[in-house]
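Colleague: Before I rely on any of the descriptive words for this model, I would like to hear how each one is justified.
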Amino acid sequence: MGKTFIEDIAQRLRIIPNLDRERSDGAKTPLKSFPEPEDWHDHVELDANEWPKMVEKRYSLVPTTCFNCESACGLLAYVDKESGQVSKFEGNPHHPGSRGRNCAKGPATINQINDTERILHPMKRVGPRGEGGWERVSWDQALDEISTKIRESLKTGAKDRVVYHVGRPGHEGYTNRILKAWGVDGHNSHTNICSAGARTGYALWHRHDRPSPDHANAKVILLTSSHLETGHYFNPHAQRILEGMMDGAKLVVIDPRLSNTAAMADHWVPTWPGSESALFLSWASMILERDLYDRDFVENWVNWEEWLQADYPDEESSFERFIELLKEEYSQYTPEFAAKECRIPVEQVIEVGEIVANAGSRLATHVWRAAAIGNLGGWQVSRTLHLLNVLTGSVGTEGGTSPNSWSKFKPELFDVPPDPDGWNELHFPPEYTTTSCPWDMPPRGTT
Ligand code: SF4
C-alpha cells in the first residue's frame with residue numbers, strides 16, 4: 001500500500017521515519033516470539049542502536065542458565081559474531097522449566113557481565129579489618145596462602161577453624177565431598193536461615209528434601225507462601241499456578257500477610273506466624289475422620305506396621321486397627337484447636353479444610369521460607385503439610401506433589417569420605433540439632 005498524503009508530509013518533516021527506506025530480509029518475514037534453533041548459529045536482527053537506519057547484526061545464540069535465583073531458568077546469550085561479546089540475554093523457549101519466559105532479573109544478567117564493580121581478581125586485605133583497604137594479588141599467591149592456612153588447621157586438628165561459605169550452593173555436593181575428605185563439617189550458606197527448616201521436614205518423609213508440585217494439573221493448589229511473586233521458584237511455579245487456575249483449580253494461600261499471591265487466591269488463610277502446623281494437623285484429622293484418606297496409598301506406602309510395633313506393641317497388627325488408633329491420636333487436633341492457635345475463624349478452618357480434604361490425588365502443595373524457618377520447630381510445617389499429601393494419596397500423581405529429585409539425574413560419587421566429626425559451634429550451635437541439615441548427611445544427633 002502506498003503512502004498517504006499525511007504520511008508523505010510527516011516523512012518530509014522527519015516526524016516519522018523514511019517509509020521508502022530499504023528493508024532488511026528480517027523485516028519482511030513474519031514476527032516470531034523466538035528465533036528458530038536452526039538459526040541459532042547465525043541469527044540476524046537489526047541493530048536497535050542504529051535505528052532508523054536498518055543495520056543488520058549477526059549473533060550466535062548460546063543456551064545458558066540464569067542463576068539470579070535458584071529457579072535456574074533458561075536463557076539464550078546473544079553473542080555478537082563480530083566482537084565476540086555477549087550483547088544481551090533473552091529467554092530460551094526450549095527450557096522445560098521457564099519455557100522462554102523469564103522474570104526481569106533474567107535479561108538483567110547482562111548488567112552483571114558489564115558491572116564496572118565486578119571483582120575480577122583475587123584481593124587481599126591490607127591494614128586493619130574493616131578499614132576497606134585491599135590490594136590485588138595473583139591467583140598463585142591467593143591459592144598458596146589460603147591452602148597453607150587450611151593445611152595448618154587440619155594438621156593441628158583444629159577442624160573448627162575451617163568454614164566454607166557460599167551464597168548459593170550450585171555444586172551438586174562436590175564441595176561437601178571435599179570438606180568431608182578434610183574431616184570438616186564446614187559447609188555454610190544462607191540455607192541455614194532459609195530453606196533448611198522446610199527441607200528437613202521433607203527429608204524426614206522421603207529423603208528428597210523438597211516438594212515438586214504439579215500445579216498445572218491440580219484440583220487444589222495449597223501454598224504456604226507467596227509463590228506468584230516472591231516465593232521460591234516463583235517464575236516456573238507462577239506460570240503453572242496460573243495454568244492450573246485457568247483450568248479451574250482452587251488456590252489456597254496461607255500467609256499472615258495479604259501478599260499479591262494471597263490477593264489472587266480463592267481462599268486466603270492469614271494464620272498467626274508459627275501456627276501453620278496446627279492447621280495442617282486439624283485438616284489431617286478431618287481427612288481421617290471423614291474417611292477421605294487414600295487407603296491404597298497409605299496401606300502400601302506408609303510404615304504403619306512399624307509404627308504399631310513401636311507405639312502399640314500389644315495391639316492387633318492390621319491396617320484397620322492402625323487407622324482407628326491414628327484417628328484417636330489426631331482427634332485432639334479439632335478445628336477449634338486450629339482456630340485458636342492460628343487466630344482465624346473456626347468456620348474458615350472447616351471451609352478450607354473441606355476443599356483440601358476433597359482434593360484427592362490432585363493436591364499440589366508447597367511451603368518455603370518464612371513459615372518453616374522463622375519459627376521454632378518450623379520444620380514441622382513442611383512435615384505436617386506433606387502429611388496431607390500422604391493421606392490423600394497425592395504423592396507422585398498427576399496434579400499432586402512429587403519428591404523433587406525423582407526425575408533429576410544425580411550422579412553417585414565414588415569413594416565417598418566418611419561423615420566428619422568436627423565442626424565450629426558458631427556454625428552449628430548445639431541447640432540447632434535438627435534445624436540444620438546438610439543434604440548428603442543426616443542432621444547431627446541422628447543416624
Ligand atoms: S525466576 Fe528470574 S531470577 Fe530466577 S532464574 Fe528465572 S529468570 Fe532468573
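Modeller: A residue is called buried if 20 or more other C-beta atoms lie within 10 Å of its own, exposed if 12 or fewer do, and partly exposed in between, with C-beta atoms placed from the backbone. By that count, buried residues make up 32% of the 447 residues in the protein chain. This is a predicted model, in which local features need pLDDT of at least 70 and side-chain atom pairs count only at pLDDT 80 or more, while totals for chains, interfaces and linings use all residues. Residues are numbered from 1 along each chain as its sequence is written.

Colleague: Why is the protein chain called more spread out than a compact globule?

Modeller: The globule rule, 2.2 Å times the number of residues to the power 0.38, is set against a radius of gyration taken over C-alpha atoms. For 447 residues the rule gives 22 Å, and the protein chain has 28 Å, well over that value, so it is more spread out than a compact globule. Its C-alpha trace spans about 95 × 65 × 40 Å along the principal axes.

Colleague: What makes a residue one of those around the ligand, and which are they?

Modeller: The C-beta atom, placed from the backbone, must lie within 6 Å of the molecule. The residues that meet this are Cys66, Asn68, Cys69, Ser71, Ala72, Cys73, Ser98, Asn102, Cys103, Lys105, Gly106 and Asn235. With Ala, Val, Leu, Ile, Met, Phe, Trp, Tyr, Cys and Pro counted as nonpolar, Asp, Glu, Lys and Arg as charged, and the others, Gly among them, as polar, this shell has 5 nonpolar, 6 polar and 1 charged residues.
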